[in-house]
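Q: Could we go through a structure together, feature by feature, with the general idea stated before each particular case?

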Amino acid sequence: MPLSDCPNCQGSGWIIAQRSGVTGAKRCDCVLVAQQQENWANAGIPPLYENASLDNFVLPTDNQVATRNLQNVMLIVRGYAKEFPAVDKPGLLLIGEPGTGKTHLAVAALRTLISRGFSGVFYDYQHLLQSIRSSYDPTSGSTDREAYATALDAELLLLDDLGAHRITDWVEDTVTSLITYRCNNRKPIIATTNLSDPDIAGAGRAAATGSGREYGRTLADQIGMRARSRLFEMCRVIRMPQVEDYRFRKARIS
Ligand SMILES: Nc1ncnc2c1ncn2[C@@H]1O[C@H](COP(=O)(O)OP(=O)(O)O)[C@@H](O)[C@H]1O
Ligand SMILES: [Mg+2]
Ligand SMILES: [Zn+2]
């Protein structure tokens, strides 16, 4: 669909152009722009992150080590989003403490990818599992029914807060089949998690704050070994540096 108010094609989507003395019609660039806008609108980005981009990702100024480490992470995310799909691993896994900017960076990567013509969808892990579970109920709405299919087939899947749900056999089977299907079809996942992992030194923290019972649980504990290992196969794993929770940092400097 072209942009209806495009000054170049007057909404027709075509431009009459001369090339080597021959007059012909070519697609107007606004068709691509309109497609990107539609892809962004369909990505389901939560309002809190709708403006999150690499351009407004702020580096700390009071700690040189933190600045450098966070800048490295930002550059890796930028490189991935610019070079995809010509990257070693098709996905990204951002692992680290809450408030370090994981979801911000994941959305920023998706924004860049959508601006390059890809499409993708954001799912909060907890909500996705709830939607899939509700979809078994015959009275469920169409959004719930479509959630699993969308998460399986979306060109890019942003899975936020992976593992933030009580593990049951059903959760483990569901997340394993989702990740395995996407992995087998080389469909990327961009995931974030607060959970720790023994292979990623110093990353993340104990699962599920507020629930002492789950204290100390790792990503593998929360999604199962198989899902965790497929995820590591398909994703470049990025450990977030230890930086102050951005919400506190912002409150302090503003
Ligand atoms: N370095 C940063 N620059 C700008 N905003 C940030 C930065 N880090 C986090 N934020 C913002 O702070 C809030 C919390 O960050 P978020 O990405 O949700 O952290 P996490 O997912 O690691 O818990 C969000 O509104 C996010 O946009
Ligand atoms: Mg987050
Ligand atoms: Zn146009």
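**Reading the central sheet**

Q: In what order do the strands of the open sheet lie, and is the pairing parallel or antiparallel?
A: As a general idea, strands of a sheet pair through backbone hydrogen bonds, in either the parallel or the antiparallel sense. In this predicted model, an open sheet of 5 strands follows the order 4-5-6-3-7, and its pairing is parallel. Strand 4 (120–124) and strand 7 (235–239) form the edges, each of them pairing on one side only. On average, and with direction ignored, neighbouring strands of this sheet are turned by 15 degrees against each other.

Q: How many bridges join strand 4 to strand 5, and which residue is the bridge partner of Tyr123?
A: Strand 4 and strand 5 (residues 156–160) run parallel and are joined by 5 bridges, and the partner of Tyr123 in strand 5 is Leu159. Leu159 also has a bridge partner in strand 6, namely Ala191, within a parallel pairing of strand 5 and strand 6 that extends over 3 bridges. The path continues from strand 6 to strand 3, which pair in the parallel sense over 4 bridges, with Leu94 standing opposite Thr192 of strand 6.

Q: Which residues of strand 6 lie on one side and which on the other, and are they buried or exposed?
A: The general idea is that side chains in a regular strand alternate between the two faces of the sheet. In strand 6, Ile189, Ala191 and Thr193 lie on one side, Ile190 and Thr192 lie on the other, and all of these are buried, leaving both faces covered. Counted along the strand, 5 of its 5 residues are buried.

Q: Which strands does helix 8 lie across, and at what angle does it run to strand 7?
A: Helix 8 (residues 225–234) lies across strand 3 (91–95), strand 6 (189–193) and strand 7, and its direction makes an angle of about 95 degrees with that of strand 7.

**Backbone exceptions**

Q: Where should a reader look for a cis peptide bond or a positive phi outside glycine, and what is the omega of the bond from Phe84 to Pro85?
A: Most peptide bonds are trans, and most residues other than glycine have a negative phi. The bond from Phe84 to Pro85 is cis, with omega near 5 degrees, and Pro85 belongs to the loop between helix 2 (64–83) and strand 3. A positive phi, near 55 degrees, occurs at Gln10, which is not a glycine; Gln10 is placed in the segment before strand 1 (14–19). Asp161, likewise not a glycine, has a positive phi of about 65 degrees and sits in the loop between strand 5 and helix 6 (169–184).

Q: Why does Asp161 count as buried, and why does Gln10 count as partly exposed?
A: Asp161 is buried because 20 other C-beta atoms lie within 10 Å, and a residue needs 20 or more to be classed in this way. Gln10 is partly exposed because 13 other C-beta atoms lie within 10 Å. Asp29, in the loop between strand 2 (22–27) and helix 1 (30–41), is also counted as partly exposed, because it has 14 C-beta neighbours inside 10 Å.

**The ligand shell**

Q: Which residues come nearest to ligand 1, and which helices supply at least two residues of its shell?
A: Of the 15 residues around ligand 1, those that come nearest are Gly101, Lys102, Thr103, His104 and Tyr246. Helix 3 (102–115) and helix 9 (246–253) each supply at least two residues of this shell, with helix 3 giving the most, 3 residues. Divided by class, the shell has 6 nonpolar, 7 polar and 2 charged residues.

**The whole chain and its confidence**

Q: How many helices and strands are there in the protein, and what percentage of its residues count as buried?
A: There are 9 helices and 7 strands, and 35% of the 254 residues count as buried. The C-alpha trace spans about 75 × 55 × 35 Å along its principal axes. Among contacts with a separation of 6 or more, 69% join residues 24 or more positions apart.

Q: Where does pLDDT stay under 50?
A: Where pLDDT is low, the predicted coordinates should not be read in detail. The protein averages a pLDDT of 90, and 94% of its residues score at least 70, but the value stays under 50 over residues 206–214, for which the model has 11 contacts beyond four places in sequence.

Note on methods: Residues numbered from 1 in each chain as written. Chains lettered and ligands numbered in written order. Predicted model: local features only at pLDDT ≥ 70, side-chain atom pairs only at ≥ 80, totals over all residues. Near = placed C-beta within 6 Å. Nonpolar A, V, L, I, M, F, W, Y, C, P; charged D, E, K, R; others polar. Pairing = 2+ DSSP bridges. Axes fitted to C-alpha atoms, helices over the stretch in contact; angles between N-to-C directions. Contact = placed C-beta atoms within 7 Å. Buried ≥ 20, exposed ≤ 12 C-beta atoms within 10 Å, placed from the backbone. pLDDT = per-residue confidence, 0-100.
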